[in-house]
Structures are given as structure tokens and as C-alpha cells.
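Here are a few exercises to work through at your own pace. Please have a look at the sequence and the model before you start.

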Amino acid sequence: AEFCGYHPKYLSHRFKEYTGSGFNQYLKNIRIKHALLLFDYNVDSVKNVSLLCGFNDPLYFSKIFKKHIGSSPSKLKKNSLI
């Protein structure tokens, strides 16, 4: 916001108006979609997927993933291997 010369609240409002969600939620959605793609490519572990998607804590990643998808990453990975 500072770089663009706008107030952070104004930029946040415009972002939400344009995308339909706040920046943090938008970023989480992108990261979860990327995680699903990585699981499709059989990345070897949930920990690696979480790190590759920008989550520093695999447990937090699992919590957010389950909230968005309705299944834990380990269950999804296990079911996709069968």
C-alpha cells in the first residue's frame, strides 16, 4: 500500500471488492489449490507439500486444509494412492 501510495484500508477494500474475499483468505485459497495439485503429482509427504505451499507449520497447514477441503491432507493422499 505504501509503495503504491494508498492507505492500507483502501487497498484492502478494493481487493475484497474485486476478488470477493480478503487478502489472507484469497492467499489461503491459492495455497490450498496448489497443495491439491502437488498431491495429484504425488509429492512424497504432507510436510513437503505444506512447505512448498508457503506454510511454515505442517500442523497449521493440515488444519487449514481440512477446513477448506473437508478431509485431512493425509487422508486425501492415502485415498489417492488406492
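The exercises below come with worked solutions.

This is a predicted model, in which local features need pLDDT of at least 70, side-chain atom pairs count only at pLDDT 80 or more, and totals for chains, interfaces and linings use all residues. Residues are numbered from 1 along each chain as its sequence is written, and side-chain values use heavy atoms, with hydrogens and water left out.

**Exercise 1.** Work out the secondary structure of the protein and how spread out the chain is.

Solution. Start with the DSSP runs, where helices (H or I) need at least four residues and strands (E) at least two. The protein has five helices and zero strands, in the order α-α-α-α-α from the N terminus. Next, take the radius of gyration over C-alpha atoms and set it against the globule rule, 2.2 Å times the number of residues to the power 0.38. The protein comes to 16 Å, well over the 12 Å that the rule gives for 82 residues, so it is more spread out than a compact globule. Finally, the C-alpha trace spans about 50 × 20 × 20 Å along its principal axes.

**Exercise 2.** Place Thr 19 in its element, then find its exposure and the backbone oxygen that its side chain reaches.

Solution. First, Thr 19 belongs to helix H1, residues 8–19. Then classify its exposure: buried is under 20% relative accessible area, exposed over 50%, and partly exposed in between, with a 1.4 Å probe and protein chains only. Thr 19 has 27% relative accessibility, so it counts as partly exposed. Last, its side chain reaches the backbone oxygen of Ser 21 at 2.8 Å.

Definitions and conventions
Polar contact = N/O pair within 3.5 Å; in protein donor to acceptor, adjacent residues only side chain to side chain.
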